[in-house]
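User: Please give me a close look at one part of this model, the surface near the nucleic acid, and then work outward from there. I am new to it, and I would like each term explained once.

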Amino acid sequence: MKKLLLIDGSSIAFRAFFALYTQIDKFKAPNGLHNNAIYGFHTMLSNVIAAENPSHILIAFDAGKTTFRTKMYPEYKGGRAKTPDEFREQFPFIREMIDALGIKHYELDDYEADDIIGTLAHQADLSDFDAITVVSGDRDLTQLTTQKITVEITIKGVGELETYTPDYMMEKLGLTTDQFIDLKALMGDKSDNIPGVTKIGEKTGIKLLLEYGSLEGIYDNIDSMKKSKMKENLINDKDQAFLSKELATIDKHSPITITLDDTVYNGPDFDKLIKFYDTMGFKKFKDELSGDNIPQVEKSEIAYTLISNQDELNDLDFSSDQFLYLEILGESYHKSDIIGFAWGNKDNFYVSKNLLLLSDERFKIPQNTYDFKKNKVLFHRQGVDYPLVEFDSMLAKYLISTTEDNKIATIADFYELEPIASDDEVYGKGAKIAVPEDDELFDHLARKVRVLAESKGLMEEDLNNYSQKELLSDMEMPLSDVLAKMEIRGIKVNRDTLNQIGQENEKSIEKLTSEIYEMAGEEFNINSPKQLGVILFEKMGLPVIKKTKTGYSTAVDVLEILAPQAPIVDKILKYRQLTKIQSTYVQGLSNEIAPDDKIHTRYVQDLTQTGRLSSVEPNLQNIPVRLEEGRKIRKAFVPEWDDSVLLSSDYSQIELRVLAHISGDEHLIAAFENGDDIHTSTAQRVFDIENPDDVTANDRRNAKAVNFGVVYGISDFGLSNNLGISRAEAKKYIDTYFERYPGIKNYMEEIVRFAKDKGYVETLYHRRRKLPDINARNFNVRQFAERTAINSPIQGSAADILKVAMINLDKKLTEGNFKSKMLLQVHDEIVLEVPNSELEEVGKLVKDTMESAIELKVPLIADENSGKTWYEAK
DNA sequence: CAATTCACG
DNA sequence: ACGTACGTGAATTGG
């Protein structure tokens, strides 16, 4: 029997919430989350599944506020009360529950759940399904009934169902299902704000339909009706009646991307479900899962083939869809050597320690891997070119979820495959890290390959559902190739320059140290906040401005307040500044200069929550620039070739431009289109200054802080802190800002609402960040998630745009046979080495490429500088 | 190994 | 009433 069950998730959740609303205080999960709607939804589901025993199930949800119906009639569903927060916070968990129950769910932009259900029900009606059951809390769905389609409407909360068939409809109303739609067109619907015809209700509507058959029938015969108020109303409201009919009619041909085959029901995922019941405190449901339902996970053996001799490659088949995995100890692939590697598909695994295999032309590099960039560097160190492959599991996993790391053991866990040992368990960590015996090493490598092979299909499914296929194939994958080349190339750093800066700093530090000791009256460790705190706040009795968890805070903002009160404080600030430059930059960078006189950083491509890169060993994204003393460090970064310069190109205000684009705020857009100085423009609007020349430096500074705040998800406290003004004053700034930039305010409200409903936010390129805390009970935790919801699409889209620019630029430089090369990326900036002979042409190319990476509602601007060192290229 | 501080966008 | 700006990495101290 093929039986399809279609559930109107939005309406059932709504009914369930209000059915148990009186007991809402009793329905709370251990973590405080209200769960009455979740509980009610589950009860309804279990009952229906037990009664119907469906082979296919789909739960449809409404996608959002606007639909094709609101486009047709903006008042549609207008005037509805706001969804209570206690209800909204349960949405993401209802979806999580449905996932754990192994049931598919679906929603479609611009369409309601009704239309998804109507379309699938209609398709199933015409195919080989034996029966279709639709469950909803909304009687409108009864228009779908046919001989095969039964519609069940919840009554008395969600506990009981009323079954609608064509016969039952005839019996109850005396109408056919088509006539039921016409009835609604005549009488309208208050809850959906469908107008209908004035003064016609259920009784009159049924009478008319019985007499004339249909809405069209009524109007065809309207002339023969005798004169009455009702006739007049019918004539006056004719357009409205037909519009109402259109609104009331469920679309049976909506452009769904899900098929009937996708809705196959195979029962719950017991592990997930038990975890879910635990977090919800649903003991009753958990007990109902009898132990023998739960399949036991057995530890499997894994057989692999050791390939130690190159000639064995003759007998191997590389044609199937294989993965390659290279292992090193630790992370530093620029320095550490390969300790072993493995390749294979779901069934066959090969392992080896013989690196000569990798440079043997009989070794055909598999098109799937884990951490392509690492591999490319390692291959390069073997003297082998490693062209870009098709699929990188590490990057795929990063796009699917940033909540946890992307190690292979985590992937196994994420997709509930057989667990594998962690690298720490196999290799040890810290000082004890070591290569294990061959057996253990090879077993571990083969298991990694198995996880990769088994998870690929699951990842592709997720990427598909998240619309992220292109994000992987056209952005992260090609970028990893570009980054690999940049890392391999490295940037030349002049040791002597660093040493010279170091020696000068050393002298100043010595002098400051003895001055500080003298002023303090004793010697102590100035680097220790604890000891410094004792000197400043106990011995010298300076006022405590701020405390940390462990004692007094001695951070810069605190010391700056104290500086006028004690001359020692300025010395300490200066000491801090110089020792920071000395230890992190002079010494830190010197230690990272490789034998080729270059620094090869590693860009971590799978870490940040927003899509930015990070840079480690060393971090080349935080080389000092703001203060002159630190900025000198940049003089040590130089071109590799004679007659070349470093060229730096950075986006101007990319985050505010992205904000202007996604919010669509007309004023912010206009400012960028005019080419105004954006902070001056903001100052003008917020402080009511007509002429830009009348904006003072201080006005501009304040406006700049407000603009930053907007991007970060502003709060009056944060702004007041940053500007050193009162909270009331900060609040005034913010209120005025939102009043003058209503589009921004609207964006912030919309994106937070989206996050609360969906549990995630995304960038212009569908990069996703989950926000599990968006509905948290804890005010702080929740507010943090809300600010994150505002900031992540902005920061993330900006990051995406620079990634696109880098990929495009790399292609153009390669295809144009330029000698110029990209060296560094610093979030909104690219640094290149450019021969003087190419400077003019490449300068234009870089600027054009960056400015045309994406078409936004505002222009994108890149500013360039070049010079003999990085210091001069700013 | 956590906490503090400070460098960057 | 709650108590905050968004995203990172490295050096240092001290339990």
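Analyst: The account below begins at the DNA and then turns to salt bridges, a sheet and some backbone details.

This is a predicted model, in which local features need pLDDT of at least 70 and side-chain atom pairs count only at pLDDT 80 or more, while totals for chains, interfaces and linings use all residues. Residues are numbered from 1 along each chain as its sequence is written, chains are lettered from A and ligands numbered from 1 in the order in which they are written, and side-chain values use heavy atoms, with hydrogens and water left out.

DNA strand B is surrounded by 21 residues, where near means that a heavy atom of the residue lies within 4 Å of the strand. The closest are Thr-554, Lys-580, Val-625, Arg-626 and Asp-828. By class, this surface has 8 polar, 7 nonpolar and 6 charged residues. In this scheme Ala, Val, Leu, Ile, Met, Phe, Trp, Tyr, Cys and Pro are nonpolar, Asp, Glu, Lys and Arg are charged, and the others, Gly among them, are polar. Helix 24 (residues 567-592) gives the largest share of the surface, 3 residues. Helices (H or I, at least four residues) and strands (E, at least two) are DSSP runs numbered from the N terminus.

On the DNA side, 78% of the atoms of strand B within 4 Å of the protein belong to sugar or phosphate, and the rest belong to bases. Polar contacts (pairs of N or O atoms within 3.5 Å; within protein, one must be able to donate a hydrogen and the other to accept it, and residues adjacent in sequence count only if both atoms are side-chain atoms) give some detail here. Thr-550 places a polar side-chain atom 2.8 Å from a phosphate oxygen of DNA strand B. With Thr-554, a backbone N or O atom lies 2.7 Å from a phosphate oxygen of the strand. In the case of Asp-828, a side-chain N or O atom is 2.6 Å from a sugar or linking oxygen of DNA strand B.

His-827, the residue numbered just before Asp-828, has a phi near 70°, a positive value in a residue other than glycine. His-827 is placed in the loop between strand 21 (821-825) and strand 22 (829-835). His-827 counts as partly exposed because its relative accessibility is 23%; buried means under 20% relative accessible area, exposed over 50%, and partly exposed in between (1.4 Å probe, protein chains only). Glu-416 also has a positive phi, near 55°, and lies in the loop between helix 17 (408-414) and helix 18 (423-427). Most residues other than glycine have a negative phi, and most peptide bonds are trans. Glu-617 and Pro-618 are joined by a cis peptide bond, with omega about -5°. Pro-618 sits in the loop between strand 16 (614-616) and helix 25 (628-631).

Helix 24 also takes part in a salt bridge (a side-chain nitrogen of Lys or Arg within 4 Å of a carboxyl oxygen of Asp or Glu). Glu-515 pairs with Lys-571, their closest N and O atoms being 3.2 Å apart. Because Glu-515 lies in helix 21 (residues 495-520) and Lys-571 in helix 24, the pair ties together parts 56 residues apart in sequence. Glu-515, at 22% relative accessibility, is partly exposed, and Lys-571, at 28%, is partly exposed too.

The whole structure holds 56 salt bridges. One of them joins Lys-373 and Glu-487 at 2.8 Å, N to O. Lys-373 is in helix 15 (residues 372-381) and Glu-487 in helix 20 (residues 469-489), so parts 114 residues apart in sequence are tied together. Lys-373 is buried at 4% relative accessibility, and Glu-487 is buried at 0%. Elsewhere, a network of salt bridges links Arg-95, Glu-107, Asp-757 and Lys-758.

A UniProt record, an unreviewed entry, annotates residues 304-464 as "domain: 3'-5' exonuclease"; its positions follow the numbering used here, feature names are shortened, and annotations may be inferred rather than shown by experiment. This span is 35% helix and 14% strand, and its end C-alpha atoms lie 32 Å apart.

An open sheet of 6 strands runs in the order 7-10-9-8-11-12 with mixed pairing; two strands pair if DSSP finds at least two bridges between them. Strand 7 (305-306) and strand 12 (391-392) are at the edges with a single partner each, so one side of each has no neighbour in the sheet. Strand 7 runs parallel to strand 10 (residues 349-352), joined by 2 bridges, and Thr-305 stands opposite Tyr-350 in strand 10.
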